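Me: I am new to this structure and would like a close look at one part of it. Please take the pockets, and work outward from there to whatever helps me place them.

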Amino acid sequence: MRSSRVFIYSTALSLAMAASCLGTTAAHAAEKISIMVGGYEKQIYLPAKLAEGLGYFKDEGLNVELVNEPAGVDAENEMLAGAVQGVVGFYDHCIDLQGKGKFVESVVQFSQAPGEVELVSSKHPEIKSPADFKGKSLGVTGLGSSTNFLTQYLAVKSGLKLGEFTSVPVGAGQTFIAAMQQDAIQAGMTTEPTISRMVKTGEAKVLIDMRSMAGTKAVLGGTYPAASLYMDMAWVDAHKEEVQKLANAFVKTLRFINTHSAAEIADKMPKDFYVGDKEGYVKALENGKAMFTADGVMPEDGPKTVLAVLSEFSKNIQGKTIDLSKTYTTEFVKKAM
């Protein structure tokens, strides 16, 4: 009987220890936060890699994994599927998704201008305005992406119908460049450092420039909050401590951007982001650095501008009531100041 009791006790102890180990493993796994970035080599999403490089995630006791995904719409889908906890992408997805009955919110607003440019291939000098997009193939990072949203807006605002041009998903960087070189696209929406590379070689020229606040307001009618950290509202509500730590790290990063030169910032970035031209990378960052917010707070007039832009062409938005207060929060960034 005694040996039997010892056996039962030993077995129970082993099971308890195994359960404890499993619990520890589960807890450890839960500590990792995966954030998908819509192309982390793009300067518009620079705060993600910069925060990592500066060690700010670790300073907050966070285990953050940055996952690269060239198209923002794919990053959005990964988050909705639960594969990642957050996305570094454009705020406009928060409005678009609410139109589909899904609630996500920007918790840190990185930029107040898109940082995007519509490039036109030098082979097509006949394209002098968005009105000339008719019958053309236009490069976007992905269908349903923010570059696609902006492209559709420019075309529709110039009097075209959605079926009168073709959006072609070509990604960014080298794949975008190759598509334009091969004439698979005649124009396209892209960011730095791709813009500077193509302009420098003479393969493309800038048609629409939304890298600055002035340029953005002229084209879109107001401040246009773009790059952000957005997350599912339910996840945010259930993980406020982790979200606060993320906000702390990113607000510190935005302060760094606003208090350091483009050259100093570039020195903290992976060298392969320069694509063999550090001087060009620094110059592009110097010209576009003003797009970033100083504190991660959503510009007060920004959400209305984004909603107005999407309402011009998006069937997801037209005829629906969008509660803009549920597309962003300043709760965490204001505590991080």
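Reply: A pocket here is an open set of grid points with protein on both sides within 12 Å along at least five of seven lines, and its lining residues have an atom within 4 Å of a point. Keep in mind that the model is predicted.

Start with the second largest pocket. About 200 Å³ of space lies in it. Its lining has 13 residues. Nearest its centre lie Glu-41, Gly-173, Pro-193, Arg-197 and Val-275. Sorted by class, the lining of this second pocket holds four nonpolar, four polar and five charged residues.

Two of those central residues deserve a closer look. Take Pro-193. Pro-193 sits in the loop between β8 and α8. The peptide bond leading from Glu-192 to Pro-193 is cis, and its omega is near 10 degrees.

Now take Val-275. Its place is the loop between α12 (262-267) and α13. Val-275 is not a glycine, yet its phi is positive, about 50 degrees. Is Val-275 buried or exposed? Neither: Val-275 counts as partly exposed because its relative accessible area is 40%, and partly exposed covers the range between under 20% and over 50%.

Stay with the loop that holds Pro-193 for a moment. Thr-191 lies in the loop between β8 (187-190) and α8 too. Thr-191 is at 3% relative accessibility, so it counts as buried. Neighbours within four places in sequence aside, Thr-191 makes contact with Lys-42, Ile-44, Gly-115 and Glu-116.

On the other side of β8, look at the loop between α7 and β8, where Asp-183 is found. Asp-183 also has a positive phi without being a glycine, at about 65 degrees. Asp-183 counts as partly exposed because its relative accessibility is 32%.

Next comes the largest pocket. Its volume is about 340 Å³. The lining has 19 residues, and Ser-196, Arg-197, Lys-200, Asp-277 and Gly-280 lie nearest the centre. Elements giving two or more residues to this lining are α7 (174-181), α8 (194-201) and α13 (278-288). The largest share comes from α13, with six residues. By class, the lining of the largest pocket has eight charged, six nonpolar and five polar residues. Arg-197 is named among the residues nearest the centre of the largest pocket and of the second largest.

Now turn from the pockets to the packing. The largest nonpolar core has 91 residues. Leu-46, Ile-95, Val-108, Leu-229 and Leu-246 have the most contacts inside it. Helix α11 (residues 240-259) gives the largest share of this core, nine residues. A second, separate core has 11 residues, including Val-170, Ala-179, Ile-195 and Ala-204.

Follow Leu-229 to finish. Strand β10 (residues 227-232) has five of its six residues buried. This strand pairs antiparallel with β3 (residues 86-90) over five bridges. It also pairs antiparallel with β4 (residues 104-109), again over five bridges. Within β10, Leu-229 is the bridge partner of Val-88 and stands opposite Val-108. Residues up to four places away in sequence aside, Leu-229 touches a set that includes Val-88, Val-108, Phe-110, Leu-246 and Phe-250.

Definitions and conventions: Residues are numbered from 1 along each chain as its sequence is written. This is a predicted model: local features need pLDDT of at least 70, side-chain atom pairs count only at pLDDT 80 or more; totals for chains, interfaces and linings use all residues. Side-chain values use heavy atoms; hydrogens and water are left out. On a 1 Å grid over the protein atoms alone, a cavity is a set of points where a 1.4 Å probe fits but cannot get out, and a pocket is an open set with protein on both sides within 12 Å along at least five of seven lines; lining residues have an atom within 4 Å of a point. Grid points are joined across faces, edges and corners, and a volume is the space filled by probe spheres set on the points. Helices (H or I, at least four residues) and strands (E, at least two) are DSSP runs, numbered from the N terminus. Ala, Val, Leu, Ile, Met, Phe, Trp, Tyr, Cys and Pro count as nonpolar, Asp, Glu, Lys and Arg as charged, and the others, Gly among them, as polar. Buried means under 20% relative accessible area, exposed over 50%, partly exposed in between (1.4 Å probe, protein chains only). Contact means heavy atoms within 4.5 Å. A nonpolar core is a set of buried Ala, Val, Leu, Ile, Met, Phe, Trp, Tyr and Cys residues joined through side-chain atoms within 4.5 Å. Two strands pair if DSSP finds at least two bridges between them.
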